Amino acid sequence: MKKEIMVEGMMCQNCVKHVTRALEDIPGATDVKVNLEEKKATVCLPASVDDETLKAAVTDAGYEVTGIKTYEG
């Protein structure tokens, strides 16, 4: 399934790299894309990965998650 994560605190391309790396480190995560201008990240994940896991990965990288949307399929 595809998830869209709203991320606050990114200021530059270095921040984008940190968030990208944090999401890529989640087991099963694929097709990670982080957009600085839109303050969001999209990632494809197995259904077994919950929102708390995503939130923890981004928070541990030093950024704030303000919302997560799930797209089935």
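## Salt bridges at a glance

The count of salt bridges here comes to six. Keep in mind that this is a predicted model. Three of the pairs are walked through below, followed by a network and then the cysteines.

## Glu 4 and Lys 40

Start with Glu 4, which pairs up with Lys 40 in a salt bridge whose closest N and O atoms sit 3.3 Å apart. This one ties together distant parts of the chain: Glu 4 belongs to strand 1 (residues 2-8), while Lys 40 belongs to strand 3 (residues 40-44), and the two are 36 residues apart. As for its surroundings, Glu 4 has a relative accessibility of 10%, so it counts as buried.

## Glu 8 and Lys 39

Next up is Glu 8, which forms a salt bridge with Lys 39, with 3.6 Å between the closest N and O atoms. Here too the pair links distant parts of the chain, 31 residues apart: Glu 8 is in strand 1, and Lys 39 is in the loop between strand 2 (30-35) and strand 3.

How accessible are these two partners? Glu 8 comes out partly exposed, at a relative accessible area of 31%. Lys 39 has 36% relative accessibility, so it counts as partly exposed as well.

## Asp 31 and Lys 33, then a network

Asp 31 and Lys 33 also meet through their side chains in a salt bridge, with an N to O distance of 2.6 Å. Asp 31 has a relative accessible area of 47%, which makes it partly exposed. For Lys 33 the relative accessibility is 47%, and this residue counts as partly exposed.

Some of the salt bridges share partners, and through them Glu 4, Glu 38, Lys 40 and Lys 69 are joined into one network. That brings us back to Glu 4 and Lys 40, the pair with closest N and O atoms 3.3 Å apart.

## The cysteines

How many disulfides does the model have? The count is zero. Cys 12 is in no disulfide, and the nearest cysteine sulfur to it belongs to Cys 15, 3.8 Å away. Why does that pair miss out? The sulfur of Cys 15 is 3.8 Å from that of Cys 12, and a disulfide calls for sulfur atoms within 2.5 Å, so the pair does not qualify.

Seen from the other side, Cys 15 is likewise in no disulfide, with the sulfur of Cys 12 as its nearest. Are the two cysteines buried or exposed, or in between? Cys 12 is partly exposed, with a relative accessible area of 34%, whereas Cys 15, at 9% relative accessibility, counts as buried.

Technical notes. Residues are numbered from 1 along each chain as its sequence is written. This is a predicted model: local features need pLDDT of at least 70, side-chain atom pairs count only at pLDDT 80 or more; totals for chains, interfaces and linings use all residues. Side-chain values use heavy atoms; hydrogens and water are left out. A salt bridge is a side-chain nitrogen of Lys or Arg within 4 Å of a carboxyl oxygen of Asp or Glu. Helices (H or I, at least four residues) and strands (E, at least two) are DSSP runs, numbered from the N terminus. Buried means under 20% relative accessible area, exposed over 50%, partly exposed in between (1.4 Å probe, protein chains only).
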